Amino acid sequence: MVLLDILCHPLWAISTVLLALVVRIQRRGRWDPLACTVHLRGKTTIVTGANTGIGKFIAMDFARRGARVILACRSEARGMGAMNEIREKTGNPDVHLRLVDLSSLDSVREFAQRIVKEEKALHILVNNAGVSGLPRQITKDGFEMSFATNHLGPFLLTNLLLDLMKRSAPARIVTLSSVNHKQGVVDFSHFHGENLKYYMDSVYNHTKLHNILCTNELARRLEGTGVTANSVHPGIVMTEVLRHYPFMIRFMFRLIGFFFFKSPEEGAVSSIYCAVAEDTKGITGKYFDCDCSLVLPSALAQDAALAVKDFEICERLTSKL
């Protein structure tokens, strides 16, 4: 009863609210996109998964800076909605929708072919789109759905656009990973849906580790080209990435997250920092945390030999035989 009396006391409720407000204020990072004066006029950018969440706010920022922004989305209806919203809020009419389903290699190839045909340059590519909590599914290409969407699709897309980006240098590639990569493991049978445990975000964690490994190897291969490649952790963000989880998990996440997790706009900051800031010019093969700081990823993610092997396997898996 004593504990119950304490919890019910008004002072406890007031203290809890004040603590929550302090935490929300402290969520703000050290770098403010609105204070960054970098302009992107004459630059072409692509953001995958830009119809909602982090991706939409990344695209919004690029549009405010005057860039030509291509929203790479799977849903035409939601993509059109985002395109119109970004145009209206930024006053930039040079925002366009191009459809792509990253889980389908044919769709990725068609998207890339159109970009190469229509665009004279590409200066920034942000691999933002991702899924978590999907049940076991195998794509028509024979790959596990989460691995196809989170890693193999973006991997193929990036490689198909590399020549255009090299011709457009200086250019930047930013791939959204996650601090969850530290719980990931590398098992190449996972690509085909084998030896996987579908518990919470375990599959997601594995894909985010592959993101960093292949980004590091890509950066090594791009040395001297003027194209940089980095991976970034956006933070724990209130987005739709948990839409495939049970209701109670989503409810608790939102309840706690209101006070302690980042909003999509806040979650976009570290990616924007990597993509446009003068501070990150020339930096490549690195991992940034949600506070826009250079940090070391897990020991496994730093394994250069594993990165080479991972990259080569992904090349074979995504090649058109």
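A residue counts as buried at under 20% relative accessible area, as exposed at over 50% and as partly exposed in between, with a 1.4 Å probe and protein chains only. By this definition the buried residues of helix α5 are L105, S107, V108, R109, F111, A112 and I115.

The model is predicted: local features need pLDDT of at least 70, side-chain atom pairs count only at pLDDT 80 or more, and totals for chains, interfaces and linings use all residues. Residues are numbered from 1 along each chain as its sequence is written, and side-chain values use heavy atoms, without hydrogens and water.

**Two helices**

Helices (H or I, at least four residues) and strands (E, at least two) are DSSP runs, numbered from the N terminus. The expected span of a helix is 1.5 Å times one less than its number of residues.

| Helix | Residues | Number of residues | C-alpha span, first to last | Expected span |
|---|---|---|---|---|
| α4 | 76-90 | 15 residues | 21 Å | 21 Å |
| α5 | 105-118 | 14 residues | 20 Å | 20 Å |

Contact means heavy atoms within 4.5 Å. The cover over the buried residues of α5 includes β1 (44-48), β2, β3, α6 (145-160), α7 (162-167) and α12 (304-318).

In α4, the buried residues are G79, A82, M83, I86 and T90. Viewed down the axis of α4, they fall within an arc of 100°, so they line one face of the helix; the arc is taken from the directions from the helix axis to the C-beta atoms. They pack against α3 (53-64), β2 (68-73) and β3 (95-99). A77 and E88, on the other side of α4, are exposed.

Both ends of α4 have a local feature. At the start, a side-chain oxygen of S75 comes to within 3.2 Å of the backbone nitrogen of R78. After the helix comes G91, with a positive phi near 75°.

**Strand β5 and its neighbours**

Strand β5 covers residues 171-176, and 6 of its 6 residues are buried. In a regular strand the side chains alternate between the two faces of the sheet. In β5, A171, I173 and T175 point one way, while R172, V174 and L176 point the other way.

Two strands pair if DSSP finds at least two bridges between them. Strand β4 (residues 124-127) runs parallel to β5 and is joined to it by 4 bridges. Strand β6 (residues 227-232) is also parallel to β5, with 6 bridges. V174 takes part on both sides: its bridge partner in β4 is V126, and in β6 it stands opposite N230.

Note on methods. A polar contact is a pair of N or O atoms within 3.5 Å; within protein, one must be able to donate a hydrogen and the other to accept it, and residues adjacent in sequence count only if both atoms are side-chain atoms.
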